[in-house]
Amino acid sequence: MKMSTRQIAIAGVLSAISIFLGVTRLGFIPFFAGASITIMHIPVILGAILEGPLVGTIIGAIFGIFSLVQAAIAPTGVVDPAFQDPLVSVLPRLFIGVVTWAVYRAVRPVNELLALALAAAAGTLTNTVLVLGMLALRQYYAPAILWTVGITNAPFEVAAAIIISIAVITAWKRIEFGRKGADL
Amino acid sequence: MEDFEVMRNLTFGQYLPVESPIHRLDPRSKLLSTGFLLVALIVSRELAALLLAFFILLGLAALARVPVGYLLKPLHAAWPFILLIVLLQLATFPGLPEAGCDTLWQWWILHITTCSVRIAALTLGRIIVLLLLINLLALSTSLNEVIHGTEHLLRPLGRIGLPANELALVLAIALRFVPLLGRETERIMKAQAARGADFGRGRWGFVQRVKRLLPLLIPLFITSLERAEDLAVAMESRCYGGSKGRSHWVQLQANSADYCALFLAVIVSAILVISPW
């Protein structure tokens, strides 16, 4: 498993953004009743789309570990005590990268924009479903409560992820092509 | 101008630079011990074992010369959430009579059974011990030590193909970049405000927040990705070659105290996992 220097740098920087959004609470958009929409998984999605499943998984792992540590050191949310459990905070996040990349790769021949949107949606849903699923499996919350939270939050989280992912990647790819000159 | 201050909230981790036997332990033994205990805590189903772990961790905290206030700070912040989880578990967890759960109290859709009491107590114990464990690690280990320790620990995995040095480097880059991102965010917020965007504190309702997020996030992501590219070029021009044949500046020395700590961690983990008293 070889990692290019570029992959290392992008993984590091996107992980930093994920940590930053979590630590400064900028990544939390408050919603009803204490549950918020989070965008800290978006660097994972971007990393997977731009550099592949390995980078996505690494960013996901760092995202998960830091959410675990944050939950223990500076808890501010209702789910934080449960996030101290790595099966809830780390394990689900390892899959976001792979799923996002797979969807992106599969849909890309059809339409690039559609691929971005579906990949972002898939990544977000992976995060939501797996985290809520682990919360239920580990019996931290009753499934009914998690179901309600999931149904109300998921559409908005998916929408936010799609908008931000498309905006960033289209801007980035334009910059890339611009710098390289003619795209032969 | 305080509306634009991001750097103020940026301290994370709570390393306390005190002289203590725990602080002096090799970060590898601390990380490994924490890892074993973490896994054991997730699996554990014995309340008595959790209690034992709790007291041992308290003892270690005393050994680490950590002021009780620091250790209790997260608990002080988290106790309403912990209470909520535990109470919800008590009242809403199904316990079928066939499974041997006697109902102790019932009202409308809420019912407290012996099973839910057990689950709630286990969860409470697990959450509190996890909190102690992770905070103890954070208080006694600086971020630099964590990075070096992780890199050393991952090295043997390099033999089966895992890019150990690269992974540690990713972590180091990430931690180095977080303060940079703080400064960058401040700059972007001020620049956008100068262009008439509606930043500043107050009125961070849902719609406002989403509207403000995009002009902040996109420049942040783009400049970060550009920085990453520059970093990659810089690394390559200094002949960075990955893990193969790489020597290391920082050499970690383990001594008997580290092996003792590791041994203790393994024993406690075993008790947590195996015991039916």
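**Burial, helix packing and contacts in a two-chain model**

Ser89(A) is buried, with 25 other C-beta atoms within 10 Å, a count to be set against the threshold of 20 or more that defines a buried residue. The structure described here is a predicted model. Ser89(A) is located in helix α5 of chain A, and, when its neighbours within four places in sequence are left aside, its contacts are with Gly64(A), Ser67(A), Leu68(A), Ala71(A) and Phe83(A). In addition, the C-alpha atoms of Ser89(A) and Leu130(A) are 9.6 Å apart in space, although 41 residues separate the two in sequence.

Elsewhere in chain A, helix α2, which spans residues 42-51, is mostly covered, 10 of its 10 residues being buried. The buried residues of α2(A) run from Ile42(A), Pro43(A), Val44(A), Ile45(A) and Leu46(A) through Gly47(A), Ala48(A), Ile49(A) and Leu50(A) to Glu51(A). Just after α2(A), Gly52(A) adopts a positive phi of about 110°.

The contact between the two chains involves 48 residues from chain A and 60 residues from chain B. On the side of chain A that touches chain B, the elements giving two or more residues are α1 (5-23), β1 (28-30), α3 (53-73), α4 (80-83), α5 (86-89) and α8 (143-180) of chain A. Of these, α1(A) gives the most, with 14 residues. By class, this side of chain A comprises 37 nonpolar, seven polar and four charged residues.

Within chain B, the axes of helix α2 (residues 27-43) and helix α9 (residues 256-274) come within 8 Å and cross at roughly 5°. Because angles under 35 degrees count as roughly parallel, α2(B) and α9(B) are therefore described as roughly parallel to each other. From α2(B), the residues Ser29(B), Leu32(B), Ser33(B), Phe36(B), Leu37(B), Ala40(B), Leu41(B) and Val43(B) take part in this packing, where they meet Asp258(B), Ala261(B), Leu262(B), Ala265(B), Val266(B), Val268(B), Ser269(B), Leu272(B) and Val273(B) of α9(B). The contact of α2(B) with α9(B) has 13 nonpolar, three polar and one charged residues.

Chain B is further divided into domain 1, consisting of residues 13-161 + 253-274, and domain 2, consisting of residues 164-242. Eight residues of domain 1 of chain B are in contact with seven residues of domain 2 of chain B, and the residues on the domain 1 side of this contact divide into four nonpolar, two polar and two charged.

Notes. Residues are numbered from 1 along each chain as its sequence is written. Chains are lettered from A and ligands numbered from 1 in the order in which they are written. This is a predicted model: local features need pLDDT of at least 70, side-chain atom pairs count only at pLDDT 80 or more; totals for chains, interfaces and linings use all residues. A residue is buried if 20 or more other C-beta atoms lie within 10 Å of its own, exposed if 12 or fewer, and partly exposed in between; C-beta atoms are placed from the backbone. Helices (H or I, at least four residues) and strands (E, at least two) are DSSP runs, numbered from the N terminus. Ala, Val, Leu, Ile, Met, Phe, Trp, Tyr, Cys and Pro count as nonpolar, Asp, Glu, Lys and Arg as charged, and the others, Gly among them, as polar. Axes are lines fitted to C-alpha atoms, for helices over the stretch in contact, and angles run from 0 to 180 degrees between N-to-C directions. Angles under 35 degrees count as roughly parallel, over 145 as roughly antiparallel, 65 to 115 as roughly perpendicular and the rest as oblique. Domain bounds come from an automatic or database domain assignment.
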